[in-house]
Amino acid sequence: WDIANWDGCARLIMKITLWQLNESYQALLRLAGQDFPKQRHKLAYQLSRVVKTAQGEIETLGDSLNDLMVKCGFQPGEQNIDPEKLRDYNKRAKQFMKETDCELWGDPMPLEDFAGVVSVSPMDLALLDWLFVGGDQ
């Protein structure tokens, strides 16, 4: 985590790899899509800011992966791709995502803030380990 100054407030930036974000993005959307009670509006707002920056990173990642497809010799959506070109693309895409960090807005969130508020599956907790502090970590 790094510290940034956005809107005049010092905030932590959560740094994760694009691989982590890609693997956990649907879990993040499931968490954010739940109904938060009005007493937990601040928590819902903080989570919405994380989702907003994650959406931007996912869109940029998609554009980058499309560019990589072209560099590997095929077009996005193309059918009947040469298996060797596809293997090359998959290898390069995985390496790119694992070696490239992205920055998401906000502080890591205390896991106990979500207890009794929303339901999070064990699988989603594992995928979102970068989002939470506390608990068994």
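User: Let's start with Asp88. Which helix does Asp88 lie in, and is it buried or exposed, or something in between?

Analyst: Keep in mind that this is a predicted model. Asp88 sits in helix α3. To place a residue, take its relative accessible area: under 20% is buried, over 50% is exposed, and the rest is partly exposed. Asp88 comes out at 26%, so it counts as partly exposed.

User: What is the C-alpha separation of Asp88 and Cys72?

Analyst: Their C-alpha atoms are 7.0 Å apart, with their positions 16 residues apart along the chain.

User: Cys72 brings me to the helix before it. How do I read the span of α2?

Analyst: Compare the end-to-end distance with what a rise of 1.5 Å a residue would give. Helix α2 covers residues 41–71, which is 31 residues, and its first and last C-alpha atoms are 45 Å apart, close to the expected 45 Å. Just past α2, Gly73 has a positive phi of about 100°.

User: Which residues of α2 are buried?

Analyst: First the general idea: an α-helix has 3.6 residues a turn, so residues three or four places apart point the same way. In α2 the buried ones are Leu43, Leu47, Val50, Val51, Ala54, Ile58, Leu61, Leu65, Leu68 and Met69.

User: Can we zoom in on Val51? What does Val51 touch?

Analyst: Val51, in helix α2, is at 9% relative accessibility and therefore buried. Leaving out residues up to four places away in sequence, Val51 touches Leu28, Leu29 and Ala32. The C-alpha atoms of Val51 and Ala32 are 7.5 Å apart, although 19 residues separate the two along the chain.

User: Now the core. Which residues touch the most other members of the largest nonpolar core?

Analyst: As a rule, nonpolar side chains in soluble globular proteins tend to be buried together. Here the largest nonpolar core has 35 residues, and Leu28, Val50, Phe114, Trp130 and Leu131 touch the most other members. Two or more residues each come from β2 (9–17), α1 (18–32), α2, α3 (83–99) and β3 (101–105). Helix α2 gives the most, with ten.

User: What is Phe114 in contact with?

Analyst: Setting aside neighbours within four places in sequence, Phe114 contacts Leu31, Phe36, Leu43, Leu47, Met109 and Phe132.

User: Back to the helices. At what angle do α2 and α3 pack?

Analyst: A helix pair is described by the angle and the distance between axes, plus the handedness of the crossing. For α2 and α3, the angle is about 145° and the axes are 10 Å apart. Their crossing is right-handed. On the α2 side the contact is made by Leu61, Ser64, Leu65, Leu68 and Met69, and on the α3 side by Tyr89, Arg92, Ala93, Phe96 and Met97. By class that contact holds eight nonpolar, one polar and one charged residues.

User: And the loop between α2 and α3? What is the phi of Asn80?

Analyst: Most residues other than glycine have a negative phi, and most peptide bonds are trans. Asn80 has a positive phi of about 55° although it is not a glycine. Asn80 lies in the loop between α2 and α3, and at 80% relative accessibility it counts as exposed.

User: What about Thr17 and Asp124: where are they, and are they buried or exposed?

Analyst: Thr17 belongs to strand β2, and with 16% relative accessibility Thr17 counts as buried. Beyond residues up to four places away, Thr17 touches Met97, Lys98, Thr100, Asp101 and Cys102. Asp124 is in helix α4 (residues 122–127), and Asp124 is buried because its relative accessible area is 8%. Apart from neighbours within four places, Asp124 contacts Ala27 and Arg30.

User: Finally, the whole chain. How many helices and strands does it have, and how many of its contacts are long-range in sequence?

Analyst: There are four helices and five strands, running β-β-α-α-α-β-β-α-β from the N terminus. Of the 137 residues, 31% are buried. Among contacts with a separation of 6 or more, 70% join residues 24 or more positions apart. One pair to look at is Gly134 and Glu112, 22 residues apart along the chain, whose C-alpha atoms are separated by 7.2 Å. Gly134 is in the segment after β5 (132–133) and, at 31% relative accessibility, counts as partly exposed.

Conventions:
Residues numbered from 1 in each chain as written. Heavy atoms only, no water. Expected span 1.5 Å × (residues − 1). Buried < 20%, exposed > 50% of the residue type's maximum accessible area, 1.4 Å probe, protein only. Core = buried A, V, L, I, M, F, W, Y, C linked by side-chain atoms within 4.5 Å. Contact = heavy atoms within 4.5 Å. Axes fitted to C-alpha atoms, helices over the stretch in contact; angles between N-to-C directions. Left-handed = near helix turned anticlockwise from the far one by under 90°. Nonpolar A, V, L, I, M, F, W, Y, C, P; charged D, E, K, R; others polar.
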